[in-house]
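Got a fold to talk through, and a few things worth asking about how its pieces sit together. Have a look first.

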Amino acid sequence: MLNAVIIGASGYTGAELARILMLHPQFRLTALYVSHQSADANKALSALYPQLCGCVDLPLLPLDDIAAIAESADAVFLATAHEVSHDLAPHFYAKGCQVFDLSGAFRVNDRDFYPQFYGFSHQHPDLLQSAVYGLPEWTAEQISRTNLVAVAGCYPTVSQLSLKPLIEANLLDDTALPVINAVSGVSGAGRKASLTNSFCEVSLQPYGVFTHRHQPEIASHLGREVIFTPHLGNFKRGILATITAKLASGVSEADVQRAFEQAYANAPLVRLCTALPAVAQVQHTPFCDIGFRVHNGHVIVVGAEDNLLKGAAAQAVQCANIRNQFEQTQGLLPCNQS
């Protein structure tokens with residue numbers, strides 16, 4: 001078994017990671033860490049998340065001796081802020097640990113991207129070159145050979161899984177930008193309380209119009225520009241992306257269907273749906289569900305995922321499974337718990 005630790009374990013994503021890894025047959029979850037200044041330090045994770053009582057009762061240790069952690073860990077999951085991952089990942093990577101970073105610190109191989117969209121200057125251009133983007137359905141081969149995976153973001157995951165088959169099959173009109181309208185539940189804003197993500201204050205509203213950091217992440221890995229508008233919805237978890245794109249001349253509904261079927265024939269965590277998917281059907285699951293409609297030369301693709309699972313924790317574990325030649329769904333589905 002591989003020894004795994006989680007840094008940043010007190011947040012929603014960290015808690016989901018802890019739950020998955022504690023039950024995973026190939027990983028031994030040895031420790032949970034939070035920052036030295038965290039008010040949650042030295043508490044049991046189950047004190048913050050009572051649903052984990054009896055499942056994950058490990059304490060949240062203050063992060064202090066990074067070298068000692070690196071010596072004993074085979075896999076390190078960073079559910080930390082972007083700047084924190086930027087500083088921590090190189091230490092673990094240099095010690096030969098497998099690093100699965102759920103922040104945006106290594107997702108885009110362009111140093112100029114980070115001051116503009118993340119507010120810090122990237123000091124590790126060599127690691128930007130070495131990091132593999134963690135979108136398992138499309139980068140599995142590269143993931144299997146790396147020790148640094150930059151797990152794809154929640155909005156980018158559902159957006160790219162919904163668009164990539166059409167782009168790779170050259171089914172879209174290159175003169176028209178795909179338009180992505182996506183709605184996330186409030187858990188996507190994190191656990192820290194603020195008025196803007198207070199459940200009683202949240203309506204349905206767009207934010208980050210033309211400025212959201214996930215737009216260049218999506219565009220960079222799709223290889224083409226898109227128009228991306230995120231929205232905050234008044235539900236706890238999940239993302240629904242409705243994507244409108246113009247098809248190339250002569251492309252039929254059968255062509256679109258064939259592209260999706262060929263792309264995801266061996267993708268156990270992508271489900272192609274006849275009916276357009278809804279958030280409710282993916283909540284608390286590791287799946288991305290995709291459906292589409294074609295009319296008058298256009299396609300509308302609808303993708304749904306749980307932002308904390310396929311958009312974060314489950315995707316990180318899927319990447320770890322691939323890296324270690326385990327079944328992709330190991331520990332993620334009831335039938336793969338043993």
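What follows is a chat about the sheets, helix packing and ring pairs of this predicted model.

Me: What is the strand order in the open sheet with parallel pairing?
Reply: That open sheet has 7 strands. Its edges are β3 (60-62) and β6 (132-134), each pairing on one side only, and the twist averages 30 degrees from one strand to the next. Reading across, the order is β3-β2-β1-β4-β5-β7-β6.

Me: And which residue of β2 stands opposite L2?
Reply: Strand β1 (residues 2-7) runs parallel to β2, and 6 bridges join them. Opposite L2, in β2, you'll find F27.

Me: How many residues apart along the chain are F27 and its aromatic partner F77?
Reply: These rings make an edge-to-face pair, with 6.3 Å centre to centre and 80 degrees between the planes. The angle counts as edge-to-face because it is over 60 degrees. F27 belongs to β2 (residues 27-34) and F77 to β4 (residues 75-78), so to speak of distant parts of the chain is fair, with a separation of 50 residues.

Me: How many aromatic pairs does the count come to?
Reply: Ring centres have to lie within 6.5 Å to pair. By that rule, the count is 13.

Me: Which strands are the edges of the sheet with mixed pairing?
Reply: This is an open sheet of 7 strands, ordered β9-β10-β8-β11-β14-β13-β12. An edge strand here pairs on one side only. The two that do so are β9 (205-206) and β12 (270-272).

Me: Does β8 run parallel or antiparallel to β11, and what about β10?
Reply: On one side, 6 bridges join β8 (residues 179-184) to β11 (residues 239-246); A182 has A241 as its bridge partner there, and V183 has L240. With β10 (residues 227-232) there are 6 bridges too, and S184 is partnered by L232. The β8-β11 pair is antiparallel, while β8 and β10 run parallel.

Me: At about what angle to β13 does helix α10 run?
Reply: Helix α10 (residues 253-263) lies across β12, β13 (288-295) and β14 (298-305). Relative to β13, its direction is at about 165 degrees.

Me: Is α1 parallel, perpendicular or oblique to α11?
Reply: Helix α1 (residues 12-23) packs on helix α11 (residues 313-323) with the axes 8 Å apart and an angle of about 45 degrees. That value falls outside the ranges for roughly parallel (under 35), roughly perpendicular (65 to 115) and roughly antiparallel (over 145), so α1 is classed as oblique.

Me: How many nonpolar residues are in the contact of α1 with α11?
Reply: From α1, the contact uses T13, E16, L17, I20 and L21, and from α11 it uses A313, A314, A316 and V317. Besides the nonpolar ones, the tally has 1 polar and 1 charged residue. The nonpolar number is 7.

Me: α7 packs on α11 as well, so to say; what is the hand of that crossing?
Reply: The axes of α7 (residues 136-143) and α11 come within 9 Å and cross at roughly 35 degrees. On the α7 side the contact has P136, E137, A140 and I143, meeting Q315, Q318, C319, I322 and R323 of α11. By class that is 5 nonpolar, 2 polar and 2 charged residues. As for the hand, α7 passes α11 in a crossing that is right-handed.

Definitions and conventions: Residues numbered from 1 in each chain as written. Predicted model: local features only at pLDDT ≥ 70, side-chain atom pairs only at ≥ 80, totals over all residues. Heavy atoms only, no water. Axes fitted to C-alpha atoms, helices over the stretch in contact; angles between N-to-C directions. Helix = DSSP H or I, 4+ residues; strand = E, 2+ residues; numbered from the N terminus. Contact = heavy atoms within 4.5 Å. Nonpolar A, V, L, I, M, F, W, Y, C, P; charged D, E, K, R; others polar. Pairing = 2+ DSSP bridges. Phe/Tyr/Trp six-rings, centres within 6.5 Å; stacked < 30°, edge-to-face > 60°. Left-handed = near helix turned anticlockwise from the far one by under 90°.
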